[in-house]
Amino acid sequence: MEADGVVPDGTTVFSDDTPGVANLDPALLGALYRAATDAADNGVEFFVDSGWRSSEYQERLLREAVSKYGSIEEAARWVATPDTSAHVSGNAVDIGRFDATVWLSEHGAEYGLCRIYGNEPWHYELRPEAVDHGCPPMYADPTHDPRMQH
Ligand SMILES: [Zn+2]
């Protein structure tokens with residue numbers, strides 16, 4: 001359901017009537033606007049595959065991942081719990097398509113937009129200090145992220 005944060009095909013960072021985009025942290029959204037506006041000059045459009053998610057939606061994704069990967073341990077490499085997910089708190093966005101992720105991997109740090117996980121080239125979060133210092137080293141996957149320990 002869109003109200004849970006499911007985003008329709010073709011959603012971009014400017015789709016502010018879509019809850020999955022509108023409920024993102026305003027600072028993250030502001031950085032995405034600035035980056036997307038500059039990327040548009042290079043003919044690159046930032047689509048949003050996933051942004052904010054309700055706890056219920058995150059729980060559903062986790063259940064689906066457990067049945068897909070066979071165990072909670074393996075599923076945790078890809079999908080966080082509702083308590084730990086940066087998507088549920090509105091602090092993470094999954095960007096599509098390929099050209100946008102390439103553009104962000106080259107220029108994102110200038111806007112404080114950083115890749116967090118080696119296994120998720122589409123997942124970006126705001127790290128304001130990256131503007132001056134560059135993005136912090138990536139975790140191989142979410143199981144290495146201290147925020148995911150509980
Ligand atoms: Zn993500």
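## Exercises on a four-stranded sheet and its surroundings

Three bridges link S3 with strand S4 (residues 123–126), and the two run antiparallel. Keep in mind that this is a predicted model. With that pair as a start, let's work through the rest.

**Exercise 1. Work out the strand order of the sheet, and find which strands stand at the edges.**

Step 1. Begin at S3 and S4, an antiparallel pair joined by three bridges. Here Leu 113 sits opposite Leu 126 in S4, and Arg 115 has Tyr 124 in S4 as its bridge partner.

Step 2. Go on from S4 to S2: two bridges join them, again antiparallel. Look for Asp 94 opposite His 123 in S4, and for Val 93 opposite Tyr 124 in S4.

Step 3. Now add S1, which pairs with S2 in the antiparallel sense over three bridges. Val 48 has Ile 95 in S2 as its bridge partner.

Step 4. Put the pairs together and you get an open sheet of four strands, in the order S1-S2-S4-S3, with antiparallel pairing. Strand S1 (47–50) and S3 are the edges: each has a single partner strand, so one side of each has no neighbour in the sheet. On average, and ignoring direction, neighbouring strands of this sheet are turned by 50° against each other.

**Exercise 2. Are the faces of S2 and S4 covered or open?**

Step 1. Take S2 and split its residues by side: Val 93 and Ile 95 are on one, Asp 94 and Gly 96 on the other. All of them are buried, so both faces of S2 are covered.

Step 2. Do the same for S4, with His 123 and Glu 125 on one side and Tyr 124 and Leu 126 on the other. These are all buried too, and both faces of S4 are covered.

Step 3. Look for a helix packed here. H5 lies across strand S2 (93–96), S3 and S4, and runs at about 115° to S2.

Step 4. Check what follows S2. A cis peptide bond, with omega at about 0°, joins Gly 96 and Arg 97, and Arg 97 is found in the loop between S2 and H5.

**Exercise 3. Describe where Tyr 111 sits and what its side chain meets.**

Step 1. Find the residue: Tyr 111 is in the loop between helix H5 (98–107) and strand S3 (113–115).

Step 2. Decide on burial. The relative accessible area of Tyr 111 is 13%, and the cut-off for buried is under 20%, so Tyr 111 counts as buried.

Step 3. List the neighbours, leaving out residues up to four places away in sequence: Tyr 111 touches Ala 31, Arg 34, Ala 35, Asp 38, Trp 103, Leu 126 and Val 131. Leu 126 is familiar from Exercise 1, as the residue opposite Leu 113.

Step 4. Pick out two of these contacts. Arg 34 is 77 residues from Tyr 111 in sequence, but their C-alpha atoms are 7.4 Å apart. With Asp 38, the side chain of Tyr 111 makes a polar contact of 2.5 Å.

**Exercise 4. Characterise the largest pocket: what is its volume, and which element supplies the largest share of its lining?**

Step 1. The volume of the largest pocket is about 410 Å³. Its lining has 24 residues, and those closest to the centre are Arg 53, Trp 78, Val 79, Asp 94 and Glu 120.

Step 2. Assign the lining to elements. S1, helix H3 (55–69) and S4 each give at least two residues, while H3 has the largest share, with six residues.

**Exercise 5. Compare two loop residues, Asn 119 and Val 88: are they buried or exposed, and what do they touch?**

Step 1. Place them. Asn 119 is in the loop between S3 and S4, and Val 88 is in the loop between helix H4 (72–75) and S2.

Step 2. Read off the relative accessible areas: 15% for Asn 119, which is buried, and 17% for Val 88, which is buried as well.

Step 3. Again skip residues up to four places away in sequence. Asn 119 then touches Arg 77, Trp 78, Ala 140, Asp 141 and Pro 142. Val 88 touches Trp 52, Arg 53, Ser 54, Ser 55, Gln 58 and Pro 82.

Step 4. Finish with a separation: Val 88 and Ser 71 are 17 residues apart in sequence, and 22 Å apart in space from C-alpha to C-alpha.

Methods
Residues are numbered from 1 along each chain as its sequence is written. This is a predicted model: local features need pLDDT of at least 70, side-chain atom pairs count only at pLDDT 80 or more; totals for chains, interfaces and linings use all residues. Side-chain values use heavy atoms; hydrogens and water are left out. Buried means under 20% relative accessible area, exposed over 50%, partly exposed in between (1.4 Å probe, protein chains only). Contact means heavy atoms within 4.5 Å. A polar contact is a pair of N or O atoms within 3.5 Å; within protein, one must be able to donate a hydrogen and the other to accept it, and residues adjacent in sequence count only if both atoms are side-chain atoms. Two strands pair if DSSP finds at least two bridges between them. Axes are lines fitted to C-alpha atoms, for helices over the stretch in contact, and angles run from 0 to 180 degrees between N-to-C directions. On a 1 Å grid over the protein atoms alone, a cavity is a set of points where a 1.4 Å probe fits but cannot get out, and a pocket is an open set with protein on both sides within 12 Å along at least five of seven lines; lining residues have an atom within 4 Å of a point. Grid points are joined across faces, edges and corners, and a volume is the space filled by probe spheres set on the points.
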